[in-house]
Every structure is written in structure tokens, then in C-alpha cells.
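Welcome to this short tour. Open your viewer, get comfortable with the selection tool, and follow the stops below.

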There are 2 protein chains.
Amino acid sequence: MAAPEIEKLIRLFGRLPGLGPRSSQRAVLALLKRRETLLAPLLQALEETARAARSCSRCGNLDTRDPCGLCTDPRREEHALLVVEAVEDLWAMERAGSFRGRYHVLGGTLSAADAVGPEELGIDRLLGRIATEKMEEVILALSATVDGQTTAHYLAERLRPLPVRVTRLGYGVPVGGELNYLDEGTLAAALRSRQPVG
Amino acid sequence: MAAPEIEKLIRLFGRLPGLGPRSSQRAVLALLKRRETLLAPLLQALEETARAARSCSRCGNLDTRDPCGLCTDPRREEHALLVVEAVEDLWAMERAGSFRGRYHVLGGTLSAADAVGPEELGIDRLLGRIATEKMEEVILALSATVDGQTTAHYLAERLRPLPVRVTRLGYGVPVGGELNYLDEGTLAAALRSRQPVG
């Protein structure tokens, strides 16, 4: 079919999440049709990122500096820590723009099925960090999945002896969400956390 | 949010067809999580393809040679020409594996709305090629869309004076369907039931 080099590139694109064989072929053809405006800049950005990107040794964020920009920003609250599962969750929280403290990326959830225990997630390191940096509040912003909630529960237990306020994200109707399309669990949680009006 | 280099990479990925802002972010994070097994090979394949890929000056296929492998393969029938809209359609036909002649990639369809006329598609060059290479059959393998069929009709009219049998793909191509997304069996069946035009 195509030359082996091009076939190989299509196969590699197909290993990215969300891209199948056809969509990776379309992506590669789009790149080859726009060499100057898309392929060349993408190649350069990929090289730069491959060279410069590193995990923050303090929080686990991805940045070009270590410690990362969020860990070293003096305008951020130093004694509030928001714990997330993954870097994409940290970025999602930053897009929301309402949290102005520090982050900690677990890098996953506890999972018996995948043999992920507290050591794999570096829970001891997290507890050490909370003590050293004198955190006053730890917000557990984990997914509302079975593994996410198991992990949150485990963390809450481990944090209980520490002099720190432990909270979790509120549950309820997503902003813009239509009641009709929400699952029973969300509706029940929203009802439990109902608020007085006016 | 992320470092400017990483943000830029995510933006560029988001310009590929089929990738939105969230999926390009996921793709970039997947790359950074698998630097050795995914990022490095992808970077290398992208560099190789950027350097080596070129359009075949004879048929318009993308390959690392010019003329391409299909144009120079001595085992292929020299006097049958299959005309497609785009490189992805040529690759789809090759996947079906039942056509063993030469190809011609138009690079689009006639479209009044987008001001694409016969000059933009190089129709004169195609007619010249058909005469020079003594084609005996021209198969119009255009999409069953309005623009595709308009183009096929126009080509059939232009080909009428030439001593060449003009056919189109047979029924089996679903109306409104794009060639690129059809399964191999349908493509093979459509090729078998091709019909004379005019």
C-alpha cells in the first residue's frame, strides 16, 4: 500500500488514545498535505516537548521545569493541597480556575485487579509532604468511580491522625446538565447535598 | 496551565482531523507517559516521513519514490486506469486488493461552491495521460456524493471522444457513502459489477 515509512507512522499514530486505523491514516494524510503549516510545526513542538517536558518531583505535574510552575508560584496558597489521580485532572481543575493552592498527582488509583497498592501510588511520600509543607486542608478530588472512591476512603483513613482538614469535591448535578440524562446515583447524591434557596 | 511548549503541542495535535482539544491533550499525555515506546518511535517516523514522502508526479499517490511503487510495478496492468478523488481512496482500493492496474488521484471533486473547476483538478493532464499511456479502460471510482457524481459525469463526457472504455464502480457503494470508509468486501463487489458509462 503506502511506503513502509508512511505505514509505520500510521501504525504509531493508531496507538494514541482515541485514534483508530482509519483516523490515524487521515491524520497522517492531513500532515502530509500541510507540510509547512502543520507537519513542520508539529515535528518541532514534539522535539521540544520530548526534550524539555519532565514530571515535577514535588507534585507530579508535567512541566518543563522541576519543581513545576504551580509548585513555585508564590501567589498560590501554600497550605491547601488538592489530590488528583492524573495530570489531565490537574489541568481540568486549572481550567476551572477556582482552586489557588497546591496539587498532588497520585498517578492512578488503588486497584486490587491491577495490583496497584499504596506503595505504587507513593502514599507515604504524600503523607510526608502534607506534614513537611504544613498543609491545613487536603481536598480529595478523585473520580466518582469505585476505584476512585476506594482510594479516597483509604486516603481519608490515613489522614485521620494528621492535624489537617480533609474534604472531597461536592457531588451533584453538573452545571448545564439535564436532569433527564443523569444517572440515579448522581440524582440521589444531588438530593442529599441539597441547599437552601434564597 | 501546562508549559507553553506542551500547550503548543496539544494545540497542533488538535488541528489534526478527528482530534479535538480533549483528545489531543490525552494523546500528548499518552506520548509523555510512554517516551521510549511511543514518543521516540513516533518522532523518528515523523521525521523520516517528512523527509522521504512525496507526491507521485504521475498518479498523485503518496510514496517515498517518484514515480511511486504502484506506477512502476511491472506486474500491474498498464492499460487500465482507476480514477479516485484522494490518496485515502487509492489506499482503500489497494486494501480491497482486486484492482491490479494503474491509478490517478484527482485531488478533489468539481465543486461550484468551492470554485474547483477542471483546471484545479488537472483534467487536461489526466486526458493527456490516458492518451499517452494508451489506456484501454478508465474506471471512475468516485464517491457516491453529489460532487463525486458530478465529477464522474463530467469526466465521462470528456472521455467520450477517446478510444477508451469508460466504466464506473458498480452498485454496492451506498448512496452518500465515502469510499474511504467502506469495507473491503463492498469495494471488491463494486469493482466486479462496474458498468459502462454513456
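Start by colouring chain A and chain B differently: between chain B and chain A, about 5,400 Å² of area is buried, and carbon and sulfur atoms give 68% of it. Please keep in mind along the way that this is a predicted model. As background, the size of an interface is often given as the accessible area lost when the parts come together.

**Stop 1: where the chains meet**

Select the residues of each chain that touch the other. You should find 50 residues of chain B in contact with 46 residues of chain A. How many salt bridges does the rule find across the interface of chain B and chain A? There are 3. To see one of them, show the side chains of B:Glu88 and A:Lys33, which form a salt bridge with their closest N and O atoms 3.7 Å apart. Polar contacts are there too: the count between the two chains is 14 residue pairs, with both residues at pLDDT 80 or more.

Now highlight the elements of chain B that give two or more residues to the side touching chain A: helix 1 (4-13), helix 2 (21-33), helix 3 (35-52), strand 2 (62-63) and helix 5 (87-96). Which of chain B's elements gives the most to that side? It is helix 3, with 13 residues. Colour this side of chain B by residue type, and its residues divide into 30 nonpolar, 5 polar and 15 charged.

**Stop 2: along helix 5 of chain B**

Next, pick B:Arg95, which is found in helix 5 of chain B. B:Arg95 counts as partly exposed because its relative accessibility is 24%. Try a distance from here to B:Leu43: the two residues are 52 apart along the chain, and their C-alpha atoms are separated by 26 Å.

**Stop 3: a loop in chain B**

Move on to B:Ser143, in the loop between strand 5 (137-140) and helix 7 (146-159) of chain B. Is B:Ser143 buried or exposed? With a relative accessibility of 5%, B:Ser143 counts as buried. Leaving out residues up to four places away in sequence, B:Ser143 touches B:Glu85, B:Gly148, B:Gln149, B:Gly177, B:Glu178 and B:Leu179.

**Stop 4: two annotated spans in chain A**

Finally, select residues 56-71 of chain A, which an unreviewed UniProt entry annotates as "zinc finger region: C4-type". This span is 19% helix and 12% strand, and its end C-alpha atoms lie 8 Å apart.

Then select residues 79-174 of chain A, where UniProt (unreviewed entry) places the feature "domain: Toprim". Here the chain is 35% helix and 18% strand, with the end C-alpha atoms 28 Å apart.

Notes: Residues are numbered from 1 along each chain as its sequence is written. Chains are lettered from A and ligands numbered from 1 in the order in which they are written. This is a predicted model: local features need pLDDT of at least 70, side-chain atom pairs count only at pLDDT 80 or more; totals for chains, interfaces and linings use all residues. Side-chain values use heavy atoms; hydrogens and water are left out. Contact means heavy atoms within 4.5 Å. Buried area is the accessible area (1.4 Å probe) that two parts lose on being put together, summed over both. A salt bridge is a side-chain nitrogen of Lys or Arg within 4 Å of a carboxyl oxygen of Asp or Glu. A polar contact is a pair of N or O atoms within 3.5 Å; within protein, one must be able to donate a hydrogen and the other to accept it, and residues adjacent in sequence count only if both atoms are side-chain atoms. Helices (H or I, at least four residues) and strands (E, at least two) are DSSP runs, numbered from the N terminus. Ala, Val, Leu, Ile, Met, Phe, Trp, Tyr, Cys and Pro count as nonpolar, Asp, Glu, Lys and Arg as charged, and the others, Gly among them, as polar. UniProt positions are given in the numbering used here, feature names are shortened, and annotations may be inferred rather than shown by experiment. Buried means under 20% relative accessible area, exposed over 50%, partly exposed in between (1.4 Å probe, protein chains only).
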